[in-house]
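Trainee: Could you take a close look at one part of this model for me? I'd like to start with a single spot in a loop and then see what surrounds it in the wider picture.

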Amino acid sequence: MPHEQHEHAHDHSHAPIQADERQGYYQRLADATRNLLIEKGVFTAGDMRAIIEKIDGRSPALGARIVARAWTDPPFRKRLLARGKQTMLEEMDIDPVVADIVVVENTPDVHNVVVCTLCSCYPVFILGRPPDWYKSYAYRSRVVRNPRGVLQDFGTTIDPAREVRVHDSTADMRYLVIPMRPDGTDGWPEDKLAELVTRDTMVGTAEVSIAN
Amino acid sequence: MTEARFQVGDPVLVTSRYPTGRRHIRTPFYIRGKIGKIERICGAFKNPEDLAFGKYETIRIPLYRVRFDQVEVWNDYAGNPDDTIEVEIFEHWLEPAEGSATDAP
């Protein structure tokens, strides 16, 4: 019978701290693979910790800075749309790490939304880790087939006259949506504009609003 | 870079192949057998069907973004008939579609 409470060298008692569920098959496979790679000297535990810390250090704030710059600097926007990764790297010192970023822009005629139907490809180095819904079967299977319905579920109504363009991130490209700049923001400085740009607006499941 | 067989604007057909067994194919089922147009050439990348099984010396294959009309992809598509979907597809999954420039003798 497990002990419910125990005493040790500090001044309070508490339930024993233990894992409350057995690791699943894939978690154990991943752990075993990691241990083997470390044992074979492919990388060190410190290397792995460092890359996780680097990924966790990225956030949608990086993408928001890129969008705000694109809103205020038309020649930059043009270069960004033509050569995403190269432009971020050379002009903003932001390294998206992946092969390339396809940058697409929302206009009064077109609304873009991004998905990875095969797994959960996402530009983590400019947006941080993806939200759980992005990885869910529901989002991945439905947004390609009924994008307007899914957007509606997110509270985003796209005018029936606008084209909805879905991007399925199936291979080596990653995507960034430049949302439409909201009315009433003329003359705003870049950093103030960047505060309006949220994660979901750069995936295409929401539009930017001043009310946010 | 490996020479790209298709150019921007070319109509292409996604091959209707359904290989079985242990595979790592980046062409979704829903787009196989559909006709779209090349939106852009993304460059050439190592074949994920080999990479997934440890064959790192594999050749690089041109990768395209192909644009499809949603009404062509889904029989019951209910949105605006102008709605589109774009998918990254490797060249060995594409064939020239009717009217393609690459069809010319």
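Mentor: Sure, and keep in mind that this is a predicted model. Let's start with Asp93(A), which counts as exposed because just 7 other C-beta atoms lie within 10 Å, and 12 or fewer is the cut-off for that label. Asp93(A) sits in the loop that links α5 (84-92) and β1 (100-105) of chain A. Its backbone is worth a glance too: Asp93(A) isn't a glycine, yet its phi is positive, at about 55 degrees.

That loop between α5 and β1 of chain A also holds Val97(A). Val97(A) is another non-glycine with a positive phi, here about 65 degrees. Val97(A) has 16 other C-beta atoms within 10 Å, so it comes out as partly exposed.

Now zoom out. Chain A splits into domain 1 (25-56) and domain 2 (60-203), and the centres of these two domains, taken over C-alpha atoms, are 30 Å apart.

Then there's the partner chain. Contacts between the chains involve 19 residues of chain A and 18 of chain B. On the chain A side, α8 (137-145), α9 (147-153) and β3 (163-168) each put in at least two residues, with β3(A) giving the largest share, six residues. By class, that side has nine nonpolar, seven charged and three polar residues.

β3(A) also pairs across the chains: four bridges join it to strand β4 (residues 84-90) of chain B, and the two run parallel. Within that pairing, look for Val166(A), which stands opposite Ile85(B) in β4(B).

Conventions: Residues are numbered from 1 along each chain as its sequence is written. Chains are lettered from A and ligands numbered from 1 in the order in which they are written. This is a predicted model: local features need pLDDT of at least 70, side-chain atom pairs count only at pLDDT 80 or more; totals for chains, interfaces and linings use all residues. Two residues are in contact if their C-beta atoms, placed from the backbone, lie within 7 Å. Ala, Val, Leu, Ile, Met, Phe, Trp, Tyr, Cys and Pro count as nonpolar, Asp, Glu, Lys and Arg as charged, and the others, Gly among them, as polar. Two strands pair if DSSP finds at least two bridges between them. Domain bounds come from an automatic or database domain assignment. A residue is buried if 20 or more other C-beta atoms lie within 10 Å of its own, exposed if 12 or fewer, and partly exposed in between; C-beta atoms are placed from the backbone.
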